[in-house]
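Here's a quick walk through a structure you may be meeting for the first time. Have the model open beside you and follow along, one spot at a time.

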Amino acid sequence: MILGNVLGTTRVFNHHVHTAYYWLAILDMVLFIGACYLATWLYFLSAPALLPDYINALPLKAALFGGMTTLAMFSLGMYQPRLREGPNGIILRTAGAVLMMTVGMAVIYFFLPGTQLWRGMFVYAAVIAFTSALITRLVFINTVELEQFKRKVLVLGSGQRAANIAARMRRNSDRRGFRIFGYVRFPEEESAVESPRIFSLDQPLSAYVREHNIQQIIVALDENSTELPAEELIRCRTMGVEVMSIIDFFEQEAGKVLVNEAPAEWFIFADGFKRKDIGSWVKRVFDIAAGFLLLTMTWPLMLLTVLAIKLEDGWKAPVIFRQKRVGLNGRVFEVMKFRSMTVNAESDGKARWATANDARVTRVGHCIRKLRIDELPQIFNVMMGDMALVGPRPERPEFVRELSEQIPFFDKRHCVKPGITGWAQLNYPYGASVQDSMHKLEYDLYYVKNQSLFLDFLVLMQTAEVILFGKGAR
């Protein structure tokens with residue numbers, strides 16, 4: 001039971017965090033701090049008498065180096081359970097994290113020169129940190145895939161609801177924290193799961209769970225297909241076995257809310273969806289401060305973008321594109337972006353989603369879309385209060401009307417301010433259809449339900465991965 005919980009989840013400020021990756025981040029930070037000490041020892045091998053004096057000033061420098069390296073690793077997705085990179089991808093991301101850390105440390109050293117590591121020492125520490133990160137990942141990945149470290153999950157049901165697990169969590173990277181022991185089929189149920197692990201019980205559920213050391217039960221029975229075995233589930237709960245609905249299971253493991261499976265009652269009684277005045281005030285202060293900082297850091301890039309657009313389309317061509325979007329509580333506002341399409345992209349007045357290789361996108365537009373530079377003017381929307389840095393992406397009124405008619409609970413994403421980046425943008429590529437919008441809504445509702453400054457910080461950090469690897473850009 002203890003081994004099975006190693007890859008469980010814990011909640012940090014409402015957000016579900018996979019425990020193993022939480023400890024991996026702590027281990028990495030310890031190793032990165034240790035890399036500074038080892039680098040210092042190597043640096044002073046030729047003059048050991050100078051080592052004691054330098055060691056006294058090292059704790060703060062080492063902690064800063066370790067913290068920055070860990071944050072850089074995090075921002076490039078190195079603590080995501082669903083990361084599907086091979087060895088080359090891991091090496092590339094780790095090298096990118098070390099480079100990002102180097103740039104970040106250079107900025108810190110400029111403002112706080114007293115925290116600076118000597119150049120040779122810094123190079124030693126960076127090489128050791130890079131090597132230790134690769135070794136740690138090699139050991140971790142080979143350990144996390146071992147079946148004995150995953151908790152045993154039994155799914156009650158083999159119908160359409162249960163098929164969500166088989167179909168939408170089929171990759172090994174989706175199941176790093178658990179393994180499906182089987183799907184229990186009930187007599188009145190029509191099976192829809194494609195799996196050899198479907199079976200019917202010939203003994204009480206609690207006895208089967210005890211016999212096979214099941215650690216978690218997922219209730220995924222189709223509505224009105226059979227009667228819930230409530231008494232047996234209560235026995236399982238009192239035995240210490242975790243019992244949860246398929247909706248809560250997907251929220252915990254995949255960071256999404258299954259829109260098509262969630263009844264209205266779930267929204268009424270589920271934990272979350274809390275709003276506190278003090279929290280809203282703190283978030284607003286955070287948005288303004290972070291927006292101002294982002295503006296001071298990116299204004300040279302914004303100026304270059306203006307010049308590039310003018311050079312391509314002429315000095316009289318508009319630079320800023322304004323478009324009506326739906327924001328908090330359904331209020332319509334004008335979002336600002338750098339124009340990335342031709343001037344008359346929608347001359348017929350019809351709203352269209354952007355598509356892959358869209359002919360309306362200019363050469364400059366293709367570049368700034370890929371790097372998300374076209375979104376930077378939305379900082380002014382944040383400063384004016386129409387948007388937040390983190391939140392669901394605002395949709396056009398025409399699309400909102402269409403999607404609200406076809407997707408349940410679509411309007412619930414307007415319970416919070418829209419954002420420049422968001423949880424859905426990290427987890428799902430660009431959406432250009434009703435089906436894509438539904439999948440993105442699943443992540444948006446997770447954010448709405450579990451919103452916190454902690455989750456905002458995680459999203460902002462991981463947005464670096466979206467920009468650097470061009471995820472979802474069109």
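## An unusual backbone angle, twice

Start at Asn213, which sits in the loop between helix H7 (205–211) and strand E6 (216–219). What is the sign of phi at Asn213? Positive: phi is about 55 degrees there, although Asn213 is not a glycine. As background, most residues other than glycine have a negative phi. Asn213 is partly exposed, because its relative accessibility of 38% falls between the 20% and 50% cut-offs.

Now hop to Arg372, in the loop between helix H12 (363–370) and helix H13 (378–384). Arg372 also isn't a glycine, and its phi is positive too, near 65 degrees. Is Arg372 buried or exposed? It counts as buried, because 19% relative accessibility is under the 20% cut-off.

## How far to trust the picture

Keep in mind that this is a predicted model. The mean pLDDT of the protein chain is 88, and 93% of its residues reach 70 or more. Residues 1–5 are another story, with pLDDT below 50. Leaving aside near neighbours in sequence, that stretch has 10 contacts in the model.

## Helix H6 and its surroundings

Next up is helix H6 (160–168). Its buried residues are Arg161, Ala162, Ala163, Asn164, Ile165 and Ala166. What covers them? The cover includes strand E3 (151–156), E4, E6 and H9.

Of these, H9 (residues 246–254) gets a closer look: the axes of H6 and H9 come within 10 Å and cross at roughly 20 degrees. The two helices count as roughly parallel, because that angle is under 35 degrees. On the H6 side, the contact is made by Arg161, Ala162, Asn164, Ile165 and Arg168, while H9 brings in Ile246, Phe249 and Phe250. Sorted by class, the contact of H6 with H9 has 5 nonpolar, 1 polar and 2 charged residues.

## Just past H6: Ser173

Follow the chain out of H6 and you'll find Ser173 in the loop that leads to strand E4 (178–184). Ser173 is in a loop, yet it counts as buried because its relative accessibility is 7%, under the 20% cut-off. Which residues does Ser173 touch, setting aside those up to four places away in sequence? They are Pro81, Arg82, Leu83 and Arg84.

To get a feel for distances, try Ser173 and Met297: they are 124 residues apart along the chain, and their C-alpha atoms are separated by 36 Å.

## Two phenylalanines

Phe13 lies in the loop between strand E1 (9–12) and strand E2 (15–18). Phe13 counts as exposed, because 59% relative accessibility is over the 50% cut-off. Even so, Phe13 touches Asn450, Ser452 and Phe454, not counting residues up to four places away in sequence. Its C-alpha atom is 25 Å from that of Arg237, a residue 224 places away along the chain.

The other one is Phe286, found in helix H11 (residues 277–313). Phe286 is partly exposed, with a relative accessible area of 26%. Beyond residues up to four places away in sequence, Phe286 touches Gly291, Leu453 and Leu460. Phe286 and Asp456 are 170 residues apart along the chain, while their C-alpha atoms are separated by 10.0 Å.

## A buried methionine

Met387 is in the loop between H13 and strand E10 (388–390). Where does it fall on the accessibility scale? At 0% relative accessibility, Met387 counts as buried.

Its contact list, which skips residues up to four places away in sequence, includes Arg284, Phe333 and Val335. Gln378, Asn381 and Val382 are among the residues touched by Met387 as well, and so are Arg393, Pro394, Lys417, Pro418, Gly419 and Ile420. Thr136, on the other hand, is 40 Å from Met387, C-alpha to C-alpha, and 251 residues from it in sequence.

## What about the cysteines?

How many disulfides does a search of the whole structure find? The count is 0. Two cysteines make handy stops here. Cys36 is buried, at 1% relative accessibility. Cys415 is partly exposed, with a relative accessible area of 40%.

How values were computed:
Residues are numbered from 1 along each chain as its sequence is written. This is a predicted model: local features need pLDDT of at least 70, side-chain atom pairs count only at pLDDT 80 or more; totals for chains, interfaces and linings use all residues. Side-chain values use heavy atoms; hydrogens and water are left out. Helices (H or I, at least four residues) and strands (E, at least two) are DSSP runs, numbered from the N terminus. Buried means under 20% relative accessible area, exposed over 50%, partly exposed in between (1.4 Å probe, protein chains only). Contact means heavy atoms within 4.5 Å. A disulfide is a pair of cysteine sulfur atoms within 2.5 Å. pLDDT is the predictor's confidence in each residue, from 0 to 100. Axes are lines fitted to C-alpha atoms, for helices over the stretch in contact, and angles run from 0 to 180 degrees between N-to-C directions. Angles under 35 degrees count as roughly parallel, over 145 as roughly antiparallel, 65 to 115 as roughly perpendicular and the rest as oblique. Ala, Val, Leu, Ile, Met, Phe, Trp, Tyr, Cys and Pro count as nonpolar, Asp, Glu, Lys and Arg as charged, and the others, Gly among them, as polar.
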